[in-house]
Structure formats: structure tokens, C-alpha cells
Amino acid sequence: MLLARARPCVRPCVRLSSRPCARRYSRAHYDEQLVYKFASQKINPVTVGQLLKYRRLPLSRENILDSVAYSQAELPVRLAKRVISFHNLPFIVGTNPHIARVYELYYDAFDRLHAFAPIADLDAEWDFTCALERQTQMLADVIPVIAQGFLECKQYMPRESRTAFINDLIRSRIGLRVIGEQHVALSYQFRSTHSPAADDEPWVGAIHTKLRPARMMEQYASLVQNMCEMHYATAPSYYLDGDVDETISYIPSHFEYIACELLKNAFRATVDFTAKINRSSHPPIQITITKGDGYVGVRIRDQGGGISKENMPNVFEYSWSSVMSASSADDSSLSAGASTMAGMSLQTNLALQQGVGGPIAGLGFGLPMARLYAGYFGGSLDIVSMEGFGCDVFLKLRSIEGSAIRGVLIECDPDAREILLQLNSKEKFIIEDLDSTHLFITASHLKRVQAAVDKEFESTVYEVDQPAK
Ligand SMILES: Nc1ncnc2c1ncn2[C@@H]1O[C@H](COP(=O)(O)OP(=O)(O)OP(=O)(O)O)[C@@H](O)[C@H]1O
Ligand SMILES: [Mg+2]
């Protein structure tokens with residue numbers, strides 16, 4: 001009897017074992033052993049407890065030293081893991097100048113941050129904070145560079161591996177930014193002469209504890225509407241309804257990214273479809289806010305013609321865009337300078353989109369990245385399309401405060417991870433999707449999750465008859 005594939009496993013976390021590989025990037029000061037040493041350490045998930053630990057204001061010196069100790073322990077480990085992930089790319093992909101540039105940025109960030117001695121006073125903390133802020137800014141714009149790199153190397157890597165690499169990179173980037181920006185914001189808050197001691201201060205570092213989704217949606221819809229006017233010389237109107245006074249604890253920059261990407265899609269689809277069917281005017285875009293238990297739902301409803309059944313499976317793929325396929329004869333033309341939105345070059349497109357809901361446009365990164373952001377704190381993003389009519393996009397964001405539940409870190413192999421992600425789309429238990437082998441899930445789900453993986457495994461394992469002798 002042969003088993004069709006190896007048994008997937010889920011187990012409470014043990015050390016990540018990174019496969020040693022040949023060094024490909026020559027750097028005079030590169031210390032491979034050091035990077036592996038850091039990369040082999042365990043990641044500590046970003047917990048709600050950690051993020052909201054310093055709720056009580058004013059912040060004390062001890063709070064800041066405690067916060068910096070967490071960043072100092074955590075960030076070099078996460079950065080080293082990213083550096084190693086670049087090593088595992090196929091050789092030819094690693095030599096692409098865009099990908100190599102991002103690799104350099106990650107290595108530099110690792111190199112600078114790991115070198116700090118343990119921080120015991122506020123001067124050293126401030127030096128670290130400044131370095132951290134600089135590194136966070138340096139890494140802020142890596143996504144378009146990576147997108148360009150993978151467009152150029154599409155043919156050298158299977159789609160699944162490419163997707164897995166980009167997912168891991170973006171997911172880890174979110175984690176790095178959450179930790180980094182949270183400490184930087186706390187450090188500024190601590191030094192701010194206006195730092196109020198009042199209990200009603202809504203900011204805890206980078207988290208806004210009274211974020212009003214309706215107000216945010218209003219603001220970004222107006223922004224995207226202007227952008228649409230500039231681009232197409234016309235734009236649909238929009239309106240908000242539902243629980244417009246609802247608030248959540250969330251990181252505004254995450255909300256902004258997701259909202260802008262979804263709104264850009266809705267506005268663009270509406271204008272395109274109006275031209276296609278020759279409508280006399282654009283139907284408005286409806287934005288509905290709903291209140292749930294510990295989360296807020298946002299539905300964006302457009303009449304932009306929807307997504308066809310054939311295209312639906314692709315819309316969450318990186319680098320898949322109907323805009324591209326319309327302007328590019330075939331996939332092979334998707335290289336540097338390929339035509340994208342409205343026939344502009346990729347670089348022009350990126351330059352134009354800098355700062356508006358993230359720097360990506362026409363690259364097919366909007367939806368997959370928005371879904372990663374939404375899922376980071378246990379939320380979700382789903383699309384229902386009515387072909388020939390329009391789309392309903394459902395965004396569910398779990399309040400960071402509301403997600404204060406006991407979690408457990410698990411290590412799982414790629415097969416098990418796939419099963420868990422599917423399961424998670426039905427019943428939410430993933431608190432943080434850390435990387436390709438680690439998930440942080442609600443503790444109460446651990447047994448159920450193991451049972452579900454076993455069950456799924458049993459149903460997909462089949463016996464192969466031995467040939468008759
Ligand atoms: N509301 C929508 N209506 C119709 N089609 C949509 C809608 N949202 C997404 N799509 C389809 O999904 C594809 C992928 O969307 P995604 O946001 O990931 O990429 P993009 O909009 O093409 O480029 P980018 O967002 O990177 O600027 C789009 O090209 C479009 O075909
Ligand atoms: Mg988009």
C-alpha cells in the first residue's frame with residue numbers, strides 16, 4: 001500500500017528549522033551564520049495584549065523600555081527569516097535587480113537593528129527608535145518593486161511558489177510594520193509634551209481605539225472619487241448607510257489600504273461598465289457599515305458589471321488584472337514597461353499612484369493584498385459577483401480590542417496550512433497568519449483544528465493497488 005502524500009501535521013509550535021542553502025549574494029560584511037542564528041529563533045506573535053499593553057497614560061519610562069525590548073527581540077528574528085526566504089528563491093529570480101534590491105533592504109534592516117546592544121536607557125532607546133523609523137520607511141515601498149521583479153521573472157517560478165513567497169513577504173511585512181510602527185508611535189507619544197493623561201485618549205501607539213469606519217470610508221471614497229475624476233474625467237457618486245456611528249480599535253493605515261483598494265476597484269469598474277453599455281449616467285456606489293460582535297462589516301456595492309465566472313478564480317492572484325490582459329496580448333509581454341492601466345507604463349502607473357491607498361495600481365495586487373491585511377487581525381474579505389450587473393464586496397474587520405482571546409501558536413506544513421485556511425473561511429479561528437509554516441489560532445479551536453486536518457487527510461489519502469504478481 002502506498003500513501004498518496006505525506007501526512008499533514010499540526011502541532012503546537014516548536015523551533016523553525018531553516019534549510020541551509022548556498023550563499024548567493026556576495027556582501028563583504030555578510031555574516032551568514034548570524035542570519036541563520038537569528039532566523040532559527042521562534043517568532044512571537046503580535047498579540048492584542050502586547051499591542052494594547054500601554055493603554056494607561058501617561059506612558060512611563062519603564063513602559064517605553066519594555067516596549068523597545070519587545071521590538072529589539074522580535075524584529076531582527078523576523079527580518080532574518082525574510083533574508084533567508086530570498087536565499088531560497090530560484091537563482092535566476094534572486095538575481096533580478098528589483099528582487100535583489102528588496103533583498104538588500106531587508107538585509108540592511110536586519111544588519112542595523114540586530115547590532116544594537118540591549119537597551120537600558122532612554123538615549124539608547126531613542127537611537128534605536130530613530131533607526132527603526134528609518135528602516136520602516138525604507139521598507140515601506142518594497143511592494144511595487146517586488147511586483148515589478150516578479151512580473152519580469154514570472155516564467156521562472158511556478159505560480160504557487162510565487163504566490164507563497166509574496167504572501168509570506170507581505171504578511172511578514174505587515175507584522176514588521178505593526179511592531180515597528182507601534183513602538184515608534186509609543187516613543188513619540190511618550191516624548192510628546194502634549195501627551196494627555198486623560199483616559200479618553202484614543203491612540204495607543206499606532207492603534208486608534210475609537211476608529212469610525214463610516215468616517216474613514218467617507219474620506220477615502222471622496223479621495224478615490226477625485227482620483228477617478230482625474231483619470232477618467234468622470235466618476236460615480238457614493239453614499240453611506242447602516243451603522244454609521246460604529247467604532248472599532250484598529251490600525252488606521254491598514255484600514256486605509258484596504259478601503260482605497262476596494263473603492264478604486266468599484267469606481268473603476270463602474271466607469272468602465274458605463275462606457276461599455278452606454279449608460280446615460282453612473283449608478284452610485286453604496287457603502288454599508290454593519291455592527292457585529294467584536295467586529296465591523298463593510299459592504300461596498302457597485303454596478304460595475306461584476307466579474308465573470310472565468311475571471312473569478314483569478315482575482316485574488318498576484319499580478320492578475322483584467323486591465324492588464326485587456327492591454328497586453330499575452331502573458332509574456334508582462335515585463336518591464338509593459339502596458340498597464342490606460343496604456344501607461346508600469347513605472348508611470350506606480351509613480352502616479354504613490355500615496356493613494358498604497359502605491360499599486362493596475363498590477364493586480366490590490367485584492368490579494370487587501371485580503372492579507374483584512375485577515376491579519378482575524379478579519380476577512382469576500383466578493384460576490386453578479387455577472388453583467390455588479391459586485392458586492394464584504395469586508396469584515398475584527399476590532400483589535402475585541403480580538404483579545406487566548407491564542408496558541410502552531411506549526412504546520414503547507415498541506416495542513418492549506419486545509420486550515422479553507423476551514424478558516426467558514427469558521428474564523430486564525431488570529432494571525434504569521435508565515436508559510438506558522439499560524440496563531442484561538443486556543444479553543446486547537447483540538448477541532450487537529451481533528452479537521454486529520455479528517456481531511458483521511459478523505460484525501462487513497463490506496464494504490466499493488467500490481468498482481
Ligand atoms: N468591483 C469590481 N468590479 C469588477 N471587477 C473587479 C472588481 N474588483 C476587482 N475586479 C477585478 O479583479 C481584478 C483584480 O483586482 P485587483 O484590485 O487585485 O487588481 P487591479 O485593480 O487590476 O490592479 P491594482 O488593484 O493592483 O491596481 C481587476 O483587474 C478586476 O478585473
Ligand atoms: Mg485594484
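Begin by selecting helix H13 together with strands S8 and S9: in this predicted model, H13 lies across the two strands and runs at about 135° to S8.

Keep S8 on display and extend the selection to the sheet around it. This is an open sheet of five strands with mixed pairing, and the order to follow across it is S4-S6-S7-S9-S8. At its edges are strand S4, residues 238-242, and strand S8, residues 380-386, each of which pairs on one side only. If you look along the sheet, neighbouring strands are turned by 15° against each other on average, with direction ignored.

Now move inward to strand S6, residues 285-291, and strand S7, residues 295-302, which run antiparallel and are joined by six bridges. To place one of these pairings in the viewer, pick Thr 290 and look for its bridge partner in S7, which is Gly 297.

With S7 still highlighted, add helix H10 to the view. H10 lies across S6, S7 and strand S9, the last of these spanning residues 390-398, and the helix runs at about 15° to S7.

H10 also leads to the next stop, ligand 1. Which helix gives the most to the shell around this ligand? It is H10, with four residues. Helix H11 (322-327) and helix H13 (366-376), like H10 (252-277), each supply at least two residues of that shell, so that the helix selected at the outset comes back into view here. Altogether 21 residues surround ligand 1, and the closest to select are Asn 265, Ala 269, Ser 321, Ser 322 and Gly 366. Colouring the shell by residue class gives eleven nonpolar, eight polar and two charged residues.

For the last stop, leave the ligand and select helix H3, residues 61-87, with helix H6, residues 122-138. The axes of H3 and H6 come within 10 Å and cross at roughly 45°, and these two helices are therefore oblique to each other. The crossing of H3 and H6 is left-handed. To see what makes the contact, show the side chains of Arg 61, Ile 64, Leu 65, Val 68, Ser 71 and Gln 72 on H3, and those of Leu 122, Glu 125, Phe 128 and Leu 132 on H6. Taken by class, the contact of H3 with H6 has six nonpolar, two polar and two charged residues.

Technical notes. Residues are numbered from 1 along each chain as its sequence is written. Chains are lettered from A and ligands numbered from 1 in the order in which they are written. This is a predicted model: local features need pLDDT of at least 70, side-chain atom pairs count only at pLDDT 80 or more; totals for chains, interfaces and linings use all residues. A residue is near a molecule or strand if its C-beta atom, placed from the backbone, lies within 6 Å of it. Ala, Val, Leu, Ile, Met, Phe, Trp, Tyr, Cys and Pro count as nonpolar, Asp, Glu, Lys and Arg as charged, and the others, Gly among them, as polar. Two strands pair if DSSP finds at least two bridges between them. Axes are lines fitted to C-alpha atoms, for helices over the stretch in contact, and angles run from 0 to 180 degrees between N-to-C directions. Two residues are in contact if their C-beta atoms, placed from the backbone, lie within 7 Å. Angles under 35 degrees count as roughly parallel, over 145 as roughly antiparallel, 65 to 115 as roughly perpendicular and the rest as oblique. A crossing is left-handed if the near helix is turned anticlockwise from the far one by less than a right angle, and right-handed if clockwise.
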